[in-house]
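Colleague: Before I use these labels, I would like to hear the reasoning behind them. Could you go through them one at a time?

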Amino acid sequence: MTRKFWLYTVLVIALLLLAVRMAMPYAAQWYINKTLSQPGSYSGRVGDVDLMLWRGAYSLENVLLYKDNGEVDKPLFQANYVEFSLLWSALLDGSAVGSVIIREPEINFVDGRDQARSQVGRNENWLTIANQLFPLKIDRLDIYNGIVAFHNPDTSPEIHISLHDIRLILRNVVNSRDLSKNMVATLNATGQTAEQGHISASGSMDPSTAKPTFDINVEASDVALVNFRNLLDTYAPFDLEAGSLEFAMELAADNGSITGYAKPVIHNVEVFSWKGDIVRDGDGPLEAIGEMASAFVTELFENQSEDQIATRIPIEGSLSEPETDTLSTLGGVLKNAFIKAMQGSLENSITLDDVQTDSEPETDKAGDAAGA
């Protein structure tokens with residue numbers, strides 16, 4: 001009798017544990033959907049939830065965040081697969097941190113004719129929601145095949161542009177010597193622009209500092225401007241009928257100061273086209289004159305041998321209000337046009353040492369004053 005009792009007890013406990021294990025994904029799905037539907041302008045939902053207890057991980061499929069007024073037909077965020085997992089190697093070192101893998105995410109920004117038809121995701125408590133979904137600090141982030149898109153459905157024709165095939169790797173975000181040999185987080189990202197063009201970014205940052213401390217490089221090549229024609233027609237004071245863009249930027253910031261440069265190089269630019277502006281677009285006389293004047297100025301400051309317009313824009317000053325040197329920027333245009341064609345590649349001339357050196361005299365002065 002006693003033997004049968006214990007056998008039945010173990011069997012009942014095993015069945016209860018099995019039932020709990022089978023119910024856990026559905027309970028997690030209910031909790032996550034409830035969390036994503038908190039009061040605010042945006043709501044959300046997820047599909048299947050899979051728990052991987054032996055890995056200390058769980059995954060979500062078909063994640064969706066959308067503006068719930070029904071005026072915007074693009075979700076703010078969607079992803080086919082999101083996985084949160086505990087880093088066991090870090091846990092053995094005494095740090096409870098995790099990693100996130102996101103596959104095929106898509107973020108959509110919308111500029112509509114009014115606030116109801118626009119979507120930027122501001123003024124939402126996203127950090128609190130993220131902490132509820134994954135209470136551990138995130139130390140690693142991997143994104144595969146991401147898309148960031150911009151839309152304006154109220155223009156004619158409509159604007160739909162995107163940066164796609166994004167691959168992003170972010171490491172050492174927690175910024176702990178228990179997890180890494182140094183206190184620096186690293187970022188590497190690549191992506192494709194519209195139908196033609198490539199963009200990449202790399203950098204390092206120190207998340208532990210009170211004011212942003214980072215060193216970042218951005219480079220773009222072979223970006224076909226015609227793919228952004230609707231955007232330029234709407235937001236720029238002139239049309240671009242043809243041309244491709246190279247772009248390089250280096251920025252470093254420390255202790256509230258920033259230094260760096262931006263270097264745009266436009267190849268084979270064509271601002272005015274009789275067929276494009278007059279025949280196709282139906283521009284009036286005043287618009288045509290404006291386009292022709294822009295084309296004349298463009299031709300005047302173009303490097304004829306390389307068929308390009310370029311300049312180097314220095315960036316200095318406070319991180320909150322960086323300044324650009326207008327005279328230096330104009331000098332760059334003239335130098336490219338009449339002296340030497342500018343290269344659209346990174347110079348590798350800006351590092352954190354530059355901005356730290358620039359801020360040292362003020363620190364020294366403050367220290368001298370305190371000592372006095």
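Modeller: Start with accessibility: a residue is buried under 20% relative accessible area, exposed over 50%, and partly exposed in between. The model is a predicted one.

Colleague: Why is Asp-165 called partly exposed?

Modeller: Asp-165 has a relative accessible area of 43%. Partly exposed is the class between under 20% and over 50%, so Asp-165, at 43%, is partly exposed. Asp-165 lies in strand E7, and has a positive phi of about 50° although it is not a glycine.

Colleague: What makes Asp-307 partly exposed?

Modeller: The relative accessible area of Asp-307 is 26%. Buried requires a value under 20% and exposed a value over 50%, so Asp-307 is partly exposed. Asp-307 sits in the loop between helix H6 (285–300) and strand E13 (308–310). Its phi, near 55°, is positive in a residue other than glycine.

Colleague: And why is Ala-210 put in its accessibility class, buried or exposed?

Modeller: Ala-210 has a relative accessible area of 87%. The cut-off for exposed is over 50%, so Ala-210 counts as exposed. Ala-210 belongs to the loop between strand E9 (198–205) and strand E10 (214–224). From Ala-210 to Gly-256 there are 46 residues in sequence and 9.3 Å in space, C-alpha to C-alpha.

Colleague: How do you know that Asn-108 is buried?

Modeller: Asn-108 has 0% relative accessibility, and buried means under 20%; therefore Asn-108 counts as buried. Asn-108 is part of strand E5 (residues 97–110).

Colleague: What makes the approach of Asn-108 to His-151 a polar contact?

Modeller: The two side chains come to 2.8 Å. The limit for a pair of N or O atoms, one able to donate a hydrogen and the other to accept it, is 3.5 Å, so the pair qualifies. Leaving aside neighbours within four places in sequence, Asn-108 is also in contact with residues including Lys-74, Pro-75, Leu-76, Gln-119 and Ala-149.

Colleague: Which residues have the most contacts inside the largest nonpolar core?

Modeller: They are Ile-32, Val-49, Tyr-58, Leu-60 and Ile-102, in a core of 25 residues. Tyr-58 is in contact with Ile-32 and Val-49, among others beyond four places in sequence. Another core lies apart from the largest, with eight residues, among them Met-249, Leu-251, Ala-253 and Ile-258.

Colleague: What is the volume of the largest pocket, and what lines it?

Modeller: The volume is about 1,100 Å³. Among the 44 lining residues, Phe-77, Ile-102, Ile-107, Ala-130 and Leu-141 are closest to the centre of the pocket. E6 gives the largest share of the lining, nine residues. Other elements that give two or more residues include E5, helix H3 (126–133) and strand E7 (159–171).

Colleague: What makes the bond between Ser-156 and Pro-157 stand as cis?

Modeller: The bond is listed as a cis peptide bond with omega of about 0°. Pro-157 is found in the loop between E6 and E7.

Colleague: How many helices and strands does the protein chain have, and what share of its residues counts as buried?

Modeller: The protein chain has eight helices and 15 strands. Of its 372 residues, 37% count as buried. The exposed surface of the chain is about 21,800 Å², of which carbon and sulfur atoms supply 59%.

How values were computed. Residues are numbered from 1 along each chain as its sequence is written. This is a predicted model: local features need pLDDT of at least 70, side-chain atom pairs count only at pLDDT 80 or more; totals for chains, interfaces and linings use all residues. Side-chain values use heavy atoms; hydrogens and water are left out. Helices (H or I, at least four residues) and strands (E, at least two) are DSSP runs, numbered from the N terminus. Buried means under 20% relative accessible area, exposed over 50%, partly exposed in between (1.4 Å probe, protein chains only). Contact means heavy atoms within 4.5 Å. A nonpolar core is a set of buried Ala, Val, Leu, Ile, Met, Phe, Trp, Tyr and Cys residues joined through side-chain atoms within 4.5 Å. Accessible areas come from the Shrake-Rupley method with a 1.4 Å probe; for residues, only the protein chains shown count as cover. On a 1 Å grid over the protein atoms alone, a cavity is a set of points where a 1.4 Å probe fits but cannot get out, and a pocket is an open set with protein on both sides within 12 Å along at least five of seven lines; lining residues have an atom within 4 Å of a point. Grid points are joined across faces, edges and corners, and a volume is the space filled by probe spheres set on the points.
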